[in-house]
Every structure is written in C-alpha cells, then in structure tokens.
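Biologist: I would like a close look at one part of this assembly, the place where two helices from separate chains come together. Please take me through that part slowly, and then place it among its surroundings.

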Amino acid sequence: MAEIIDLVLLGMLAITAFNIIFIKDLFTVVMLFGIYSFLSALIFVNLDAVDVAFTEAAVGAGISTVLMLGTLALTGRKEKASSHKTILPLLVVCVTGAALIYGTLDMPLFGDPDNPAHQHVAPRYIEDSPQEIGIPNMVTSVLASYRAFDTLGETAVVFAAAIGVLSLLGLPKRDRATIQSGLKSHLVLRVVAKMIIPLIVLFALYVQFHGDYGPGGGFQAGVIAAAALILYALVFGLPMATHVVPPRVLKALAALGVLIYAGTGVVSLFLSANFLDYSVLAEDPVAGQHIGIIAIELGVGITVFAAMLCIFYAFAGQTERKNIQ
Amino acid sequence: MSFIVDHYNYWIVVLLMMMGFYVVIAANNLVKKIVGLNIFQTSVFMMYISIGKVNGGSAPIAAEGITTYSNPLPHVLILTAIVVGVATTAVGLALVVRIKRAYGTVEENEFEDKEDLI
Amino acid sequence: MIEIISSVFLIVGAFFSLTGAVGIFKFPDFFTRVHAASVTDSISTILIIFGLILRTDFDLVAVKLLFILIFMLLTSPTASHALAKSARHGGLLTLAETRSDKKVGDD
Amino acid sequence: MLVLSATCIAILSVMALALARALKADTVYDRILGVNMFGTKTALFIALMGFLSGRPDFLDIAIVYALINFLGMIAVLRFFEYTAGDENQEQEK
C-alpha cells in the first residue's frame, strides 16, 4: 500500500512540476508551487520523515507561497515570452539527467536495510539516543544534541537571511497606520480569523514543547507562530500587526534567539565541558541533556519566528508603499 | 521488474531535478527562476529522504513494540536545509524586488537594453 | 461493532468527497461548483474524522482528531465563502445571469 | 484495514481530480477552488495514512496542513484585492 501511495504521489508531483514549466501566468505557477510543496510533504510522511514533512508543510507551502505572492504583487504576474533558445538548455538538462540516472544504477536499492547509509552512525542514534538523551524523538536528539553545532550554524543562517532581507527592503515605519488595508469587506473572515488565531498560537506552543516526544520542535513552532501573525496581518492589515508586534521587538528577538542558543553552549563551557555538551547542566546527565535541548529549541523557535515575521513585514511594507505611490 | 521497483524513486527524483534545472536556465522571468530553484531543491531533499527509508521501518520516534526505524540522520540534515532554503529564497525574492525597482523589469533579456542606466 | 460503524462512516465520507470531486467538474458555473466543493468538504470531513475517532482508544489521538475537525469546520467554509465573495466582487456572474445578459444583448 | 485502504484510495483520487481542476480551469477562481480542495483533502489523507501505518500519533501534521491551507487561501484573496485595484488603474489610464 505504501508503495502504491508513493508512486501515485510522485506521479502527481511530476505532473505538477511539468505544468509549472509551461504556464506563463506566474500567479498560477505560484499556486502550483504550493501544491508541489504539499505533495512533497506528503511523500516525506510516506517515507517516515514526519519531522521533515512538518517543516516542509509549514515553511515550503506556507511562508514561501506568501512571500512569492508578495513579490508578484510588486513585479507583475505575467511572464513575457522567452527570447532564449530552448535547445541548448534542454540539451544541458538532458545530459545532466542522463548522467544522474546512470549514477542511480549503482545506488543501493531503495529501502534496503543493508544500505551503507544505515551502517555508519545511524544505528548508534537509533539504539542509544533514547537512553542517552532521554527523549523518544530521535530526530530532535540528533538535531539538538549530537549535531548541535550544525543547528547553531543553521540558526545563524536564518538570522543572517533576515538581516539580508531587511538591508535590501527595510522594515515598514510603525506610524503609517493611516492607510487602509486588510480584507475590510470580508466580515465572516475577520470573525473566524479572530477565533482561530489564538488556537494557532496555542498550537505553536504545543509544537515547541512537545517536539521532544512527537514531530515538531523549534523550527516548526517558530514558523507556525509566525504564520499566526501573518494571518493577522493579511486579514486586519499590516499596521495592526506592526502595532501588536513592532518590528523593533522582532529585531531584538531574532538576535535574542541566537544568543540563547550560543549562551547555552557557553554555560556548558563554564561548567568545564565541551561547547554545547548539555550533560553538565544538571547533576543527572540525562536531565541535563533535556534541559539543554529545551533551551536551545527555545532559542531556535524565537529566532525562526522573529526572522520569518521580519521577512514578511519587509515584503508587506513594500507592497503598502507601492499602494501609496 | 524488481530492478524498476528498487530504483523508480530515484528516477522520478532525477526527473524532477531536471525540470527544476530547466526552469532555472531557460526561464526569462526571475520569479520563475526562483520557483525552479525551489523545485530543484525539493528534489534534492527527496533524494536524501529516499536514501534514509528502510523497508518495514517506521518513523524515528521511539515507541513500544517497534523495532525497525528509518534512518534519522537524513531527516535532521533536510529539516534544517528546508528552513535555510526558505530563508535564502526570501533573500532571492528581496533581490528581485530591488531589481524591479532599479530596472523596472524582472525579465532577464530586458536588462541588456538598460545597462546604461546603472 | 464499533469497527463496523466506523467503516460505514469512512465509506460514506469517501463517497461524499468523491461526489464533490465530480461536482467541481460537472456543475455549470463557478458558484455551483463552490457549492459542490464546500458542502461535501464539510460533510466528508465530519464523517471521516468521526470514523477515525471510533478507531482510537479515545486518548490524545482522539482529542487531536477533534481539534482537526473543529479547525477544518471553521476554516473550510470560511475559505469557500471568502472565495465566492471575492469572485462575485471580481465580477463573475452566475449562469442564470449570463443567460439573461445574453438575452438583453440579443435584443 | 481494507476499509481504511479503500478510503485512502478514494481520497487520493479526489486529490488527483482536484489537481486536474487546478491545472485545467476556466477561470482563475476555479483554480483556487481546486487548490483549496486539494489542501483540505490532503489534511484528511495524512490523518488516514497515520492510521494505515499503525502510528496515528502524527496528527499534528494534518493540523498544520489545514492551517497552512487556510493561510494560503487568505494570501491569495489578499493578492487579488490588491492587484484588482492595479488593473482598474491601468484600465483607467
């Protein structure tokens, strides 16, 4: 059954991607890209990667689509006819594809338990991490403890991307609240949005702190919390949203998250252990690991939330500015 | 037959990668190029996750009565890669917005006529 | 017994969602198509989620399913409503209106 | 188990039909309708898949799907209201 589902989903994915190539209306392209993200997340669920699916659904389908729509609002939705010759790109792509397919012939079989990728460190993570770290979700323990350096780097990249977008576009001024925006005429929508936004924030908190036991964690929780405020901004207008969470606070929060993460590492340094080795944070090493993971997941969540919301504010601020002119 | 069953996942992933790659090099519009880049990126993610799958395995969250788990390592790598991917996409889109403001167009072939404006 | 009830719920829910999918192709104009999609969406969500709840041990999983149900029952009709309103606002006409327009045009 | 599989296949075919609608649509609103239907059915499909694989504790993903689908719809509507004004202005010019 899982194989059939996999095949059908991959087929739909290929059809969607194939259509994206030929459609000239960029708005449709972005909508299809949303479907594409949803489908790939479904495939991740089917291949047992629940955490990855969680992230792809929230980030890929949610935030990417919103940002792309914001860009389209500024740049126009029609793609002009291409002047490129299509032969050369097609040739390059076919040669690359043929080389890769030739490469896959030597790949280990799909789903084979003797695959070399499963022989090296994975057995250790699977067998020892529930005892060593004390939490059932192996992805979280690898992400936040064994490979904590890597995750620190990723968090810093997200932070840097937010800085990059801000330096390119700038944040909206806070007291420009005079412009009319938001979906004023949709009364039902406004009422329902008011009802579900608290639910979303609650769910984000659940994901943040339940990430040790089920799928979830700081990355996903940050994005979901940002999605709640993006929804608020879309329905009630950007000025209202910047009133609730001012951009100034977001800048501080984005830095604070990275600081919490790195600070946890420094604390463990002071307790005469390695950087980001949480075992010394409490008397019992397992409890120490747990404290450390909660702390750094919190840092990740705060940074991702603030960075995503900053990026959204920057794009939304641009569209509002265009509206005035 | 078993050869196809053992490899079809990789082949479709390569196909998706080719489509994304084609959009990146053949499309004129910068926004579409970024969409293509995202398709390419997702296909790479799928490749990793396919490698991590174990037949008869289950999601790598410890539970009673389950003995085989899929490999958690690719999941970790891809989880962070997705978030970083959207962050870089955001930077790319921000650049597109600035290009639109500076040149008045996001079509690649129209920049050449406007080079003297810089 | 519970198993059978749950199966009935699931099958009826799947049937309704299939009718909805047929509806978005077969109905003549956009507003009837929204109708087909949104009504069957709600009913099939209710039936399938209830069918699944009966298969749980009534623990956290059942609560999560209920949460999904509440969430989807709030958002899905709202989205359909907003979409239809937006289409109306954007100047889309119903089939009857298009016909009467044509008649006026013919005269 | 058989019933679950059958329901899964039914939902999967509904998703395929919704995708077809999103790809081949008369108006742009039909396209959005297809995408929206696809999203809600995907959320249901995830819930079903959890039961099918015997680990139903991953329903959080279905919640995220429902949420993101709604967010996407609102973003699209907002985009419409926004660009509609633009097009009117262009016509006036």
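Modeller: Helix 1 of chain C and helix 1 of chain D cross in a left-handed way. This is a predicted model. Two packed helices are described by the angle between their axes and the distance between those axes. Here the angle is about 15° and the axes lie 9 Å apart, with residues 2-26 forming the helix in chain C and residues 2-23 the helix in chain D. An angle under 35 degrees counts as roughly parallel, and the two helices are therefore roughly parallel to each other.

Now the residues that meet. From helix 1 of chain C come Ser7(C), Leu10(C), Ile11(C), Ala14(C), Ser17(C), Leu18(C), Ala21(C), Ile24(C) and Phe25(C). Helix 1 of chain D brings Val3(D), Ala6(D), Thr7(D), Ala10(D), Ile11(D), Val14(D), Leu17(D), Ala18(D) and Arg21(D) to the contact. By class, the residues of this contact are 14 nonpolar, 3 polar and 1 charged. The spacing of the numbers has a general background: an α-helix has 3.6 residues a turn, so residues three or four places apart point the same way.

Helix 1 of chain D also packs within its own chain. Its partner there is helix 2 of chain D, residues 28-52, at an angle of about 160° and with the axes 8 Å apart. Angles over 145 degrees count as roughly antiparallel, so helix 1 and helix 2 of chain D are roughly antiparallel to each other. The crossing of helix 1 of chain D with helix 2 of chain D is left-handed. The residues of that contact divide into 19 nonpolar, 4 polar and 4 charged.

Next, the other chains around this part. Chain C touches chain A through 7 residues, and chain A gives 7 residues to the contact. On the chain C side, these are 3 nonpolar, 3 polar and 1 charged. Chain C does not touch chain B, and the nearest C-alpha atoms of these two chains are 15 Å apart. There are 5 pairs of chains that touch, and chains A and B have the most contacts among them.

Chain A offers one more helix to look at. Helix 9 of chain A, residues 218-236, has 19 residues and reaches 27 Å from its first C-alpha to its last, close to the 27 Å expected. Of its 19 residues, 19 are buried, and helix 9 of chain A is mostly covered. After helix 9 of chain A comes Gly237(A), with a positive phi near 100°.

Methods:
Residues are numbered from 1 along each chain as its sequence is written. Chains are lettered from A and ligands numbered from 1 in the order in which they are written. This is a predicted model: local features need pLDDT of at least 70, side-chain atom pairs count only at pLDDT 80 or more; totals for chains, interfaces and linings use all residues. Axes are lines fitted to C-alpha atoms, for helices over the stretch in contact, and angles run from 0 to 180 degrees between N-to-C directions. Helices (H or I, at least four residues) and strands (E, at least two) are DSSP runs, numbered from the N terminus. Angles under 35 degrees count as roughly parallel, over 145 as roughly antiparallel, 65 to 115 as roughly perpendicular and the rest as oblique. A crossing is left-handed if the near helix is turned anticlockwise from the far one by less than a right angle, and right-handed if clockwise. Ala, Val, Leu, Ile, Met, Phe, Trp, Tyr, Cys and Pro count as nonpolar, Asp, Glu, Lys and Arg as charged, and the others, Gly among them, as polar. The expected span of a helix is 1.5 Å times one less than its number of residues. A residue is buried if 20 or more other C-beta atoms lie within 10 Å of its own, exposed if 12 or fewer, and partly exposed in between; C-beta atoms are placed from the backbone.
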